[in-house]
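Work through the exercises below with the coordinates open, and try each task before reading its solution.

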Amino acid sequence: MYTLSSKLKLTAIIFMIVGAIGLVIGFLQAPSNLDDVKEIIAAEGHHGETSNHEEAEANFADAEQGLVNNAHAADSHDAEHLEHKLHQLQNKPWAAVYVAAFFFFMISLGALAFYALQYASQAGWSPVLFRVMEAISAYIVPGGIIMFVLLALSGFHLNHLFVWMDPEVVAHDEIIQNKTAYLNVPFFLIRAAIFLGGWFLFRHFLVKNSRKLDEATDNAYFKKNFKLSAGFLVFFLVSESMMSWDWIMSLDPHWFSTLFGWYVFSSMFVSGITVIALVSIYLKSRGYLPFVNNSHIHDLAKFMFGISIFWTYLWFSQFMLIWYSNIPEEVVYFISRIENYSLPFFGMVALNFLFPLLVLMNSDFKRMNWFVVMTGIVILVGHYLDVFTMIMPATVGESWFIGLPEISAVFFFGGLFTFVIFDALTKAPLLAKRNPYIKESEHFHY
């Protein structure tokens, strides 16, 4: 295990270095002023956009003939357009980092929730997978710290990701003004600290008790984890919903959905379960999980299938109700995504629903590891696009494309995620041997 872990950690470090270099280049390439934006627009051949500037120059010529007011109006409109474009392009590398950081963080949080659910339900099939779940949840600490730093940097106005943090915008926006009691930077960061602190503490004590249970002579630590898991799930359901409102939904401060917390939960839950399956299959293929059989993988695949259907139900419910009601303040959320993000928006529905439905509906396919791996990779790509379409339209608008910052961010955070997981796997035996259900789990057959 140590040799395998060392090789994977070295590979992960290489990915992190490549990703970090790409991100630095992406930030350096971001425009710093309006002249840079004009050059980018000209280089991209956006003639329709540059025509505004040409019209402004023509108006300046007319101004010399007495049309000063018209010239100033055209120039003001052009300046506003360029400044808006500047903010979007400056946001692009920040948004790419934010998407990837949240995506991998939500996987670890989803895995932690699934781990706690196994304890709270006293499941007999899953204890042989507990060490894998613990290792994946280990990323919650570095991933959570990175998320808090990104949120704090937004609060210090180093970027324009959260428009409600801009005092000039709030001063002219009555809707945001009515939400300032909740949407203000100090309270926003305090809530984030509470959420992260709670998740860190619960994870710490759950794993600590699990390790102590290995050497214990009774089930006292198992009972402690049962109670901790029940408490964590209550805290998680509340904090996860509020986190999704704060960290994602408030990027579009005029818009809200009462299903949004559940929607984000379903995405992180299925992603976490998928990574548990992928890591388990990989370790089993290398001979490190001989006690994991095809029935365990079959059950993980059932969860992948079931939660994918649950995600689709929530996606359709949220979309259909808002689209049918056609309330301007609400439907604009989907209009912006359909008009400017049609490929990733509808593509992720196919990846997250149609593909798992067609592949994992057959019970025999759930026992074929390569089928589960293939489906898992598609699901993860689909949910990355889901996070992408939740965040990007509010931060970069129509100025999006998957380029160097996006790819580099996935490399960096994917490398860090892999490094943390396989480092954590070396910290304890891969079998939770004293769990009272371990024998049932070892002999589990569906």
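**Exercise 1. Find which residues of α10 and α11 meet, and describe how the two helices cross.**

Solution. In α10, the residues F236, L237, E240, S241, M243, S244 and W245 meet F260, G261, W262, V264, F265 and M268 of α11, where contact means heavy atoms within 4.5 Å. The residues of this contact divide into nine nonpolar, three polar and one charged; Ala, Val, Leu, Ile, Met, Phe, Trp, Tyr, Cys and Pro count as nonpolar, Asp, Glu, Lys and Arg as charged, and the others, Gly among them, as polar. The helices, which are DSSP runs (H or I, at least four residues) numbered from the N terminus, span residues 220-247 for α10 and residues 260-285 for α11, and their axes come within 8 Å and cross at roughly 105°. Those axes are lines fitted to C-alpha atoms over the stretch in contact, with angles running from 0 to 180 degrees between N-to-C directions. The crossing therefore makes α10 roughly perpendicular to α11, a class that covers 65 to 115 degrees.

The model is predicted, so local features need pLDDT of at least 70 and side-chain atom pairs pLDDT 80 or more, whereas totals for chains, interfaces and linings use all residues. Residues are numbered from 1 along each chain as its sequence is written, and side-chain values use heavy atoms, with hydrogens and water left out.

**Exercise 2. Classify the ring pair of W125 and F444, and locate both residues in the sequence.**

Solution. The structure holds 52 aromatic pairs, a pair being two rings of Phe, Tyr or Trp (its six-membered ring) with centres within 6.5 Å, called stacked if the planes are under 30 degrees apart, edge-to-face if over 60 and tilted otherwise. For W125 and F444 the ring centres are 6.4 Å apart and the planes stand at 45°, so this pair is tilted. Because W125 lies in the loop between α4 (68-121) and α5 (130-137), and F444 in the segment after α17 (438-442), the pair ties together parts that are 319 residues apart in sequence. Both W125 and F444 are buried, that is, under 20% relative accessible area with a 1.4 Å probe and protein chains only.

**Exercise 3. Describe the surroundings of K92.**

Solution. K92 lies in helix α4 and, at 5% relative accessibility, counts as buried. Leaving aside neighbours within four places in sequence, K92 is in contact with M392, V396, S399, F401, G403, P405 and E406. Of these, F401 has K92 over its face, at 3.8 Å from the ring centre; a charge sits over a ring if NZ of Lys or CZ of Arg is within 6 Å of the centre and within 35 degrees of the ring normal.

Terms used:
Buried means under 20% relative accessible area, exposed over 50%, partly exposed in between (1.4 Å probe, protein chains only). Angles under 35 degrees count as roughly parallel, over 145 as roughly antiparallel, 65 to 115 as roughly perpendicular and the rest as oblique.
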